Amino acid sequence: MRYSTQLDHGKPIPLYDEAGFAAMRVAGRVAADTLDFITPYVKPGVSTAELDRLCEEFMRAAGSIPGTIDYHGYKHASCISVNHVVTHGVPSATKILHAGDIVNIDVTPKFQGWHGDTSRTYEVGAVSILAARVVRTAHEAMMAGINTVRPGATLGDVGAAIEAVARAQGFSTVRDFCGHGIGQVMHDAPQVLHYGRAGTGVVLEPGMIFTIEPMVNAGSYQVKTLPDKWTTVTKDRSLSAQFEHTLAVTETGFEIFTLSALTGSLAGP
Ligand code: MF3
Ligand code: CO
Ligand code: CO
């Protein structure tokens with residue numbers, strides 16, 4: 001691993017070689033497999049603690065360690081965020097899913113020291129037209145951001161593409177949380193904002209590895225974190241959806257490490 005000559009907020013940006021890519025392919029596969037595995041369990045009546053337990057069991061059986069456990073004091077194998085919960089929802093035995101809910105499950109397994117980080121928002125039973133539109137828009141926003149990634153493009157291009165998709169639906173993107181560099185460290189440089197101005201910011205170079213993980217709110221972009229210090233909700237209690245992939249900048253574009261092997265697709269709604 002070497003570093004870019006560019007800094008992001010004063011921090012060096014790693015550039016990974018083929019060995020790093022190979023390790024991230026495996027870690028990303030474990031992360032995507034975890035979400036494929038949990039999909040059939042996301043049903044009315046299940047608790048978010050039970051979904052977390054199943055995710056943990058799967059990640060450990062796959063030879064990985066949930067990277068979130070003991071991360072800055074976090075105690076769970078996943079973050080599970082329901083409806084107006086934007087991110088870092090804490091799994092709970094008393095939080096039961098009901099038909100009509102939308103629920104994001106975010107997992108970050110560490111396999112042989114390397115992190116895969118991915119999330120999807122699932123629909124529980126039949127959901128409202130608005131809920132379905134927020135979920136679809138979050139996925140489309142993430143993919144629009146990913147599709148800008150190539151050498152010479154900028155992180156501003158990524159953020160602007162994401163924000164444009166959300167705004168076209170009358171939705172907003174959260175500003176208080178961002179995508180991030182990732183590898184042997186879960187949260188590294190660069191910061192990947194989900195809004196911004198095209199042509200500004202860090203210039204993408206082959207070998208950069210980061211997540212793109214836009215949170216799209218049906219209402220305002222403003223959020224607040226609850227007294228548990230983790231659970232973050234929309235200030236106006238509007239619905240929020242999120243998708244996350246871990247990807248690399250290649251010589252010609254991008255490589256997504258957290259694609260679903262099951263569907264061979266992008267596993268969107
Ligand atoms: N997976 C989250 C992300 O996308 C990070 C969770 S850290 C935790 O960056 F401590 F909240 F679990
Ligand atoms: Co992430
Ligand atoms: Co994540």
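Before I turn to the metal site, let me fix one term: six donors count as octahedral if opposite donors are over 155 degrees apart and all others between 65 and 115, and a six-donor arrangement that fails this is called irregular. With that in hand, please keep in mind throughout that what we are looking at is a predicted model, and that every value I quote is computed from it.

I will begin with the cobalt ion that is ligand 2. Its donor atoms come from Asp117 (OD), His180 (NE2), Glu213 (OE) and Glu244 (OE), at 2.0 to 2.2 Å. The angles among the six donor atoms of this ion run from 51 to 161 degrees, and the site is irregular. Along the sequence, the donor residues of ligand 2 are spaced D-x62-H-x32-E-x30-E. Within that set, His180 sits in strand 11 while Glu244 sits in the loop between strand 17 and strand 18, so this pair ties together parts that are 64 residues apart in sequence.

Now the second ion, the cobalt ion listed as ligand 3. Here the coordinating atoms are contributed by Asp106 (OD), which appears twice, by Asp117 (OD) and by Glu244 (OE), at 2.0 to 2.4 Å. Why is this arrangement called irregular? The six donor atoms around ligand 3 subtend angles of 58 to 169 degrees, and that spread makes the arrangement irregular, because an octahedral site would require opposite donors over 155 degrees apart and all others between 65 and 115. The spacing of the donors of ligand 3 along the chain is D-x10-D-x126-E. One pair among these donors links distant parts of the chain, with Asp117 in the loop between strand 8 (114–115) and strand 9 (118–123), and Glu244 in the loop between strand 17 (240–242) and strand 18 (245–249), 127 residues apart.

How far apart are the two cobalt ions, ligand 2 and ligand 3? They are 3.3 Å apart, and Asp117 coordinates both.

Are the coordinating residues Asp117, Glu244 and His180 buried or exposed? Asp117 has a relative accessible area of 3% and is buried; Glu244, at 1% relative accessibility, also counts as buried; and His180, with a relative accessible area of 5%, is buried too. In each case the reasoning rests on a cut-off, because buried means under 20% relative accessible area.

Let me stay with His180 for a moment and look at its strand. Strand 11 (residues 179–181) pairs with strand 12 (residues 188–192) in the antiparallel sense over three bridges. Gly181 has Asp188 of strand 12 as its bridge partner, and the connection from strand 11 to strand 12 is a hairpin of six residues. Strand 12 also holds Pro190, and the peptide bond from Ala189 to Pro190 is cis, with omega near 5 degrees.

As background for that bond and for the next two residues, most residues other than glycine have a negative phi, and most peptide bonds are trans. His72, which is not a glycine, has a positive phi, near 50 degrees. The location of His72 is the loop between strand 3 and strand 4 (78–82), and His72 counts as exposed at 67% relative accessibility. Asn83 likewise is not a glycine and has a positive phi, of about 55 degrees; Asn83 belongs to the loop between strand 4 and strand 5 (85–87).

Strand 3 brings me to one of the sheets. This is an open sheet of three strands, in the order 3-7-8, with antiparallel pairing. Its edge strands are strand 3 (65–66) and strand 8, each of which pairs on one side only. Strand 3 and strand 7 (residues 109–111) run antiparallel and are joined by two bridges, and Pro66 has Pro109 in strand 7 as its bridge partner.

Finally, the chain as a whole. There are four helices and 19 strands. The radius of gyration is 17 Å, close to the 18 Å that the globule rule gives for 269 residues, so the chain is as compact as a globular protein of that length. Along the principal axes, the C-alpha atoms fill a box of roughly 50 × 40 × 35 Å. Of the 269 residues, 54% count as buried, and the accessible surface comes to about 11100 Å², with 55% of it belonging to carbon and sulfur atoms. Among contacts with a separation of 6 or more, 69% are between residues 24 or more positions apart.

Definitions and conventions:
Residues are numbered from 1 along each chain as its sequence is written. Chains are lettered from A and ligands numbered from 1 in the order in which they are written. This is a predicted model: local features need pLDDT of at least 70, side-chain atom pairs count only at pLDDT 80 or more; totals for chains, interfaces and linings use all residues. Side-chain values use heavy atoms; hydrogens and water are left out. Donors are N, O and S atoms within 2.8 Å of the metal (3.2 Å for Na, K and Ca); water is not among the atoms, so sites may look incomplete. Four donors count as tetrahedral if all angles lie between 85 and 135 degrees; four count as square planar and six as octahedral if opposite donors are over 155 degrees apart and all others between 65 and 115; anything else is irregular. Buried means under 20% relative accessible area, exposed over 50%, partly exposed in between (1.4 Å probe, protein chains only). Two strands pair if DSSP finds at least two bridges between them. The radius of gyration is taken over C-alpha atoms; the globule rule is 2.2 Å times the number of residues to the power 0.38. Contact means heavy atoms within 4.5 Å. Accessible areas come from the Shrake-Rupley method with a 1.4 Å probe; for residues, only the protein chains shown count as cover.
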